[in-house]
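Thanks for coming. I have one structure today, and I will go through how its parts meet and how far the coordinates can be trusted.

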Amino acid sequence: MQTEHALNCVSLVPLFQSLPLDEKTAVAKLVVQHQYPKGTIIYLAGDKVGHFMILERGQVKLSQVAENGKEQLLKVMQPGDFDGEAALFSNDQRNVTATALVDSTVCQIDQDAFQDLLKQSPRLAVNLLTTMSRQINNLQEERTVSATSDVAGQLAKYLLETSASLNKTNFKLPLKKKDIATFIGTTPETISRTFKQLTAAGTIRMQASTVEILDRDGLMELV
């Protein structure tokens, strides 16, 4: 993988963004790119973590099996999202399953290679600790903003991100409505009602599970 391309992947991650260019480049040299077709299981719950994953293109769902045996959606990764940050520093097992919702491109950093790099560069280790401390301080504020966002805004954000991932304004929803409701943190009834509101407002057109974005700016105003 070309260094410039790998740098673009690394720069998506807040943990690495504030690093000096030479240290960021050293991390970028560890990046390996993988392609995952729609429906591919990238890793399973119980697998050794082993690597850090940055989503470059597509959508990936993170889920786990609830006590009743049903799949529980935890997160939908969008381009620029990352998973397994702890994998860079620990030998834990995965507690979720990652599945490509659409054709996806992932940048991965191997845990052992990253830890070898830290041993060679104490300055990099200190800079990463400083960055992680800053992220922890910002976490509470981010949670507060997320909690106060309304359903229409969160649904609009999801539709815009899905459109960007697929590079289409007319697309079939990768998730069922009930899963979108779980992802956003509301009920299926509220999601159905919100879809109807967006349709009535002329921002989208919807037929079954296919959505066409008619007014991108109108959706963006809701976010």
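**Two domains and their interface**

This is a predicted model, and its chain is split into domain 1, residues 1-142, and domain 2, residues 147-221. Between the C-alpha centres of domain 1 and domain 2 the distance is 26 Å.

Now the interface. On the domain 1 side 9 residues make contact, and they meet 10 residues of domain 2. About 890 Å² is buried between the two domains, with carbon and sulfur atoms giving 66% of that area. Of the area that domain 1 buries against domain 2, 48% comes from Gln59, Leu73 and Gln78, more than from any other three residues.

What about salt bridges between domain 1 and domain 2: how many are there? The count is 0. Polar contacts are present, with 4 residue pairs between the domains, both residues at pLDDT 80 or more. On the side of domain 1 that touches domain 2, the residues comprise 5 nonpolar, 3 polar and 1 charged.

Next, confidence. The mean pLDDT of the chain is 85, and 91% of residues reach at least 70. Strand S11, residues 210-213, has the highest confidence, at 96, while helix H5, residues 122-148, has the lowest, with a mean of 63. Within residues 142-148 the pLDDT falls below 50, and that stretch has 1 contact in the model beyond near neighbours in sequence. Low pLDDT means the predicted coordinates should not be read in detail.

One overlap to keep in mind: domain 1 ends at residue 142 and domain 2 begins at residue 147, and the stretch with pLDDT below 50 covers residues 142-148.

Note on methods. Residues numbered from 1 in each chain as written. Predicted model: local features only at pLDDT ≥ 70, side-chain atom pairs only at ≥ 80, totals over all residues. Heavy atoms only, no water. Domains from an automatic or database assignment. Contact = heavy atoms within 4.5 Å. Buried area = accessible area lost by both parts, 1.4 Å probe. Salt bridge = Lys/Arg side-chain N within 4 Å of Asp/Glu carboxyl O. Polar contact = N/O pair within 3.5 Å; in protein donor to acceptor, adjacent residues only side chain to side chain. Nonpolar A, V, L, I, M, F, W, Y, C, P; charged D, E, K, R; others polar. pLDDT = per-residue confidence, 0-100. Helix = DSSP H or I, 4+ residues; strand = E, 2+ residues; numbered from the N terminus.
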